[in-house]
Amino acid sequence: MASLKSSPAWKALKAHHKEISGARMRDLFADEPKRFERLSLGLGGLFLDYSKNLITADTLSLLLDLARETEVEGWRDRMFAGEPINTTEGRAALHVALRRPQGSGSVALDGRDIMPAVLASRDKIRKTAEDIRSGTWTGATGDAIQAVIHIGTGGSHLGPEMVCESLRPLGASGPKVRFVSNVDGVQIAAALEDLKPETTLFIVASKTFTTEETITNARTAKNWLIDALGDEAVAKHFIAVSGNAGVVADFGITADNTFDLWDWVGGRYSVWSAIGLPIAIALGPDAFDDLLAGAHDMDNHFKDAPLESNLPVILGLIGVWNIDFLGAQALAILPYDEGLRGLPNYIRQLEMESNGKALNREGAPVEAGTATVVFGDPGTRGQHAFYQALHQGRQLIACDFIAPMESRDKTGSHHDRLLANFFAQSEALMKGRNKDEAEAVMEAQGVPAKDRPGQLAHRVFEGNRPTNSIMVEKFDAFTLGQLIALYEHKVFVQSVIWGINPFDQWGVEWGKELATQVLAELDNGGDVKGASASTQGLIKRYRAHKAKKT
Ligand code: F6P
């Protein structure tokens, strides 16, 4: 790959940044009354306002040149065509195939059409969800299932948990669906404490079926069931979602109760596969199909829309501008919707596990980017936790504000208040407040004259802080599918520009391997070979404490 920073588009952006570094968004709005209309895009019920960014028409034009120069469209087409763009693992990344509708034709991979298997899995998801929801699926004692425990972690849990949490109507009928994703035994104990083995079903979701946390929890669940109902009960109370059928069978889950996961689906891109089974169980199979349809709608938009009106491309380019030219060190995902409280963590894995890399596809150091820290909380709660840093911190933190125009709130009076904060925060971050305005505020608040000099500087807000505002008509399964796919493709656009592979995650392997070594030594009392004095010292203290307690 040619050097990114010596490319004409990058150099032009660098020069342009120098030209506009003193610009203020306030002035850009004052100088261009149609700025909002020019810098916003819609797709069905989803609307993106990106006008509160420190960009001009020239900025956008130069960013689009960068997208063309780094062949964003070419790489996009290669992804959709199933080429092995996961370069270090020699795999395709075909999560887009998982949401293609019935009858939409074939998707060839290594000379065979993968769609029959995808559609068969989707049919099995539907049938399984219907059988569980209707009581047709019964446990070892003939009782209907009243609770489903999904055991998985990372991409094998964040998606279904976030979707179920955000779309499960209050007081919904059907089985309880709970998620266990941490090896801390407190979590699975809490999940099981009020349940009966006779009416509880477990889904063990793990692409590799070797993730220590997941398998440990699965074993605990299995023992809990067998202690009550005997070995034979496993066949009626366990489902597996995995790409490792052999290890699944060794665990004792039947082939009939096993859903396949393919190696061309990355973990953090797998909610559209049988990993999403809890969604179909909790919300009904039609809702799961609507989620797929929303994502497919965004896929078509990403594939067909011209770059300048392409939502994932625009969002990706603005992120590159914020990170590489304005120096943004974090991205806050701020959903003004309590149901979407899981969205920031979902997008966090998507962004940071995909693009949190320092090497490009060829294994050489990346010259620019890459993923910043991604975090967030639902509004308005986040306002009382970290917005001080957003408004007056030294680190520049870009923000994505997200809100539905229609609320599921039944009180009727709260939504306007929620949205008033949604509108106000991005305005305040953009506009800031100068000294004269700060003086006026202190005057209006009756701040004693003697106190004003000491407070003035602290009441000034620099502003010019970049934000995107995404407004949707309402959060239903289709819209949520659009939104998730929007971020998947945004992350992909950025990976292409930075020249990295977003579909592998070697960085998580080392920690996992070392944890396995430490666990082995904890079990047999030996030293962790080659571990530092710090780690040895910590383990020694732990062992001494354990010895005292036994
Ligand atoms: O975090 C690393 C990772 O491999 C994720 O990419 C994946 O979603 C998660 O662990 C769980 O992996 P598995 O589905 O194989 O248990």
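1. Overall dimensions. The protein has 550 residues, for which a compact globule would have a radius of gyration near 24 Å; the value of 26 Å found here therefore agrees with that expectation. The coordinates are those of a predicted model. Along the principal axes, the C-alpha trace of the protein spans about 75 × 60 × 60 Å.

2. Secondary structure. The protein contains 22 helices and 13 strands. Two open sheets are described below: one has 6 strands with mixed pairing, and another has 5 strands with parallel pairing.

3. Layout of the mixed sheet. The strand order in this open sheet is 1-2-13-12-10-11. Its edges are formed by strand 1 (40-43) and strand 11 (373-376), each of which pairs on one side only. From one strand to the next, the twist averages 15°.

4. The antiparallel part of the mixed sheet. Strand 1 and strand 2 are paired in the antiparallel sense over 4 bridges, and Ser40 stands opposite Asp49 of strand 2. The hairpin of these two strands has 2 residues between them, and Gly44 in this hairpin takes a positive phi near 60°. Strand 2 also pairs with strand 13 in the antiparallel sense, again over 4 bridges. Here the bridge partner of Phe47 is Met471 in strand 13.

5. The parallel pair of strands 10 and 12. Strand 10 (residues 330-335) and strand 12 (residues 397-404) run in the parallel sense and are joined over 6 bridges. Within this pair, Ala330 has Ile397 of strand 12 as its bridge partner. On side-chain placement, the general rule is that side chains in a regular strand alternate between the two faces of the sheet.

6. Helix 20 against the mixed sheet. Helix 20 (residues 477-498) lies across strand 1, strand 2 (46-49), strand 10, strand 12 and strand 13 (467-472). Relative to strand 13, helix 20 runs at about 155°.

7. Layout of the parallel sheet. The order of the 5 strands in this open sheet is 6-5-7-8-9. Strand 6 (176-180) and strand 9 (258-260) stand at the edges with a single partner strand each, so one side of each is left without a neighbour in the sheet. The twist in this sheet averages 15° from one strand to the next.

8. Local detail in the parallel sheet. Strand 8 (residues 238-242) pairs with strand 9 in the parallel sense over 3 bridges. Ser242 has Asp260 in strand 9 as its bridge partner. Helix 8 (residues 185-192) lies across strand 5 (147-151), strand 6 and strand 7 (200-205), and its direction makes an angle of about 170° with strand 6.

9. Ligand surroundings. The ligand is surrounded by 15 residues, of which the closest are Gly155, Ser156, Ser206, Thr211 and Glu353. Which contacts involve oxygen atoms of the ligand? A polar backbone atom of Gly155 is 2.7 Å from an oxygen atom of the ligand. For Ser206, a polar side-chain atom lies 2.7 Å from a ligand oxygen atom. In Lys207, a backbone N or O atom lies 2.8 Å from an oxygen atom of the ligand. The ligand has 390 Å² of accessible area on its own, and the protein covers 88% of it.

How values were computed:
Residues numbered from 1 in each chain as written. Predicted model: local features only at pLDDT ≥ 70, side-chain atom pairs only at ≥ 80, totals over all residues. Heavy atoms only, no water. Pairing = 2+ DSSP bridges. Axes fitted to C-alpha atoms, helices over the stretch in contact; angles between N-to-C directions. Contact = heavy atoms within 4.5 Å. Near = heavy atom within 4 Å. Polar contact = N/O pair within 3.5 Å; in protein donor to acceptor, adjacent residues only side chain to side chain. Areas by Shrake-Rupley, 256 points an atom, 1.4 Å probe, with all protein chains shown as cover. Rg over C-alpha atoms; globule rule 2.2 N^0.38 Å.
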